[in-house]
Amino acid sequence: MDREFYTISVYVDKDENLIGIPCGESDKYGIADIDIVLLLKAPYSDKAIESFIEKVINACYTKKHNDDSPVSTIERYTKKSGFVNATADFELISIVKTQTNYSLMPTFNDYEKGPLAIDDDERILLLNYKEGEMAAIIRDFIEVYLKANMFYKEKRELEEEKKK
């Protein structure tokens, strides 16, 4: 590990697919998301989640942030204008890897400001965590912050009815 830290954004869509965006150097912001998007489609195993997170982290600093573009990586991916609009349909989990541990932090989606970190629910894992521990935290965040959304169940039921 040759950097002080690595930070990634993991967006979770309504189907529980994971969209990972790594960070890179930016002359303008210091560190920012880079133009790489990795996808892990649901359903997935715990091992697949943890391998996916490492793959996104390993993509950090592989290129510089495009400081000339006013459009963020997630905006390009969703083809929606504005960060708030682009992130509205996702839950975001921010993951930082340091020299000693991982910090996993969920967010609350504010419809005016976009994702806001929920500091009270930050989870810390040592670098040598046991297999399945990181996946358990991510699955817990999905249960609490995506599925516990009061409209999640209703949306799912309506989508199932449409398919029939």
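# Working through a predicted fold

With a relative accessible area of 32%, Val 37 is partly exposed. Keep in mind throughout that this is a predicted model.

**Exercise 1. Place Val 37 in the fold: which loop holds Val 37, and what is Val 37 in contact with beyond its sequence neighbours?**

Step 1: find the loop. Val 37 sits between β3 (30-33) and β4.

Step 2: grade the exposure. Buried needs under 20% and exposed needs over 50%, so a value of 32% makes Val 37 partly exposed.

Step 3: skip the neighbours within four places in sequence and list what is left. Val 37 is in contact with Ile 19, Gly 20, Ile 21, Thr 73 and Tyr 77.

Step 4: check a distance along the way. Val 37 and Val 56 are 19 residues apart along the chain, and their C-alpha atoms are separated by 8.4 Å.

**Exercise 2. Work out how α4 is laid out: how far does α4 reach, and which of its residues are buried?**

Step 1: take the length. Helix α4 covers residues 133-147, which is 15 residues. From first C-alpha to last, α4 reaches 20 Å, close to the 21 Å expected at 1.5 Å a residue.

Step 2: pick out the buried positions. In α4 these are Met 134, Ala 135, Ile 137, Ile 138, Phe 141, Ile 142 and Leu 146.

Step 3: ask where they point. The buried residues cover an arc of only 160 degrees around the axis, which puts them on the same side of α4.

Step 4: recall the helix rule behind such a pattern. An α-helix has 3.6 residues a turn, so residues three or four places apart point the same way.

**Exercise 3. Do the same for α1, then say what covers its buried residues.**

Step 1: α1 runs over residues 46-59. With 14 residues, α1 reaches 20 Å from its first C-alpha to its last, close to the 20 Å expected.

Step 2: the buried set in α1 is Ile 49, Glu 50, Phe 52, Ile 53, Glu 54, Val 56, Ile 57 and Ala 59.

Step 3: look at what lies over them. The cover includes the strands β1, β2 (18-26), β4 (38-40), β5 (91-98) and β6 (101-110), along with helix α4.

**Exercise 4. Describe the meeting of α1 and α4: at what angle do their axes cross, and which residues meet?**

Step 1: the two axes come within 8 Å and cross at roughly 95 degrees.

Step 2: name the geometry. Angles from 65 to 115 degrees count as roughly perpendicular, and α1 and α4 are therefore roughly perpendicular to each other.

Step 3: list both sides. From α1 come Asp 46, Ile 49, Glu 50 and Ile 53, and these meet Glu 133, Met 134, Ala 135, Ile 138 and Arg 139 in α4.

Step 4: sort the residues of this contact by type. They divide into 5 nonpolar, no polar and 4 charged.

Step 5: zoom in on one of them. Ile 49 of α1 has 0% relative accessibility and counts as buried. Beyond its sequence neighbours, Ile 49 is in contact with Ala 135, Ile 138 and Arg 139, and also with Leu 18, Leu 40 and Tyr 44.

**Exercise 5. Is Thr 7 buried or exposed, and what is Thr 7 in contact with?**

Step 1: locate Thr 7. Thr 7 is part of strand β1 (residues 5-12).

Step 2: compare with the cut-off. Buried means under 20%, so at 19% Thr 7 counts as buried.

Step 3: leave out neighbours within four places and collect the contacts. They are Pro 22, Cys 23, Ile 31, Cys 60, Ser 94, Ile 95 and Val 96.

**Exercise 6. Go over the unusual backbone: what are the phi values of Tyr 61 and Lys 79, and which peptide bond is cis?**

Step 1: start from the usual case. Most residues other than glycine have a negative phi, and most peptide bonds are trans.

Step 2: take Tyr 61. Its phi is positive, about 65 degrees, although Tyr 61 is not a glycine. Tyr 61 comes just after α1, in the loop between α1 and α2. At 16% relative accessibility, Tyr 61 counts as buried.

Step 3: take Lys 79. Its phi is near 60 degrees, again a positive value in a residue other than glycine. Lys 79 lies in the loop between α2 and α3 (83-87), and at 73% Lys 79 counts as exposed.

Step 4: finish with the peptide bond. The one from Ala 42 to Pro 43 is cis, with omega near -5 degrees. Pro 43 belongs to the loop between β4 and α1.

How values were computed
Residues numbered from 1 in each chain as written. Predicted model: local features only at pLDDT ≥ 70, side-chain atom pairs only at ≥ 80, totals over all residues. Heavy atoms only, no water. Helix = DSSP H or I, 4+ residues; strand = E, 2+ residues; numbered from the N terminus. Expected span 1.5 Å × (residues − 1). Buried < 20%, exposed > 50% of the residue type's maximum accessible area, 1.4 Å probe, protein only. Arc of directions from axis to C-beta. Axes fitted to C-alpha atoms, helices over the stretch in contact; angles between N-to-C directions. Parallel < 35°, antiparallel > 145°, perpendicular 65-115°, else oblique. Contact = heavy atoms within 4.5 Å. Nonpolar A, V, L, I, M, F, W, Y, C, P; charged D, E, K, R; others polar.
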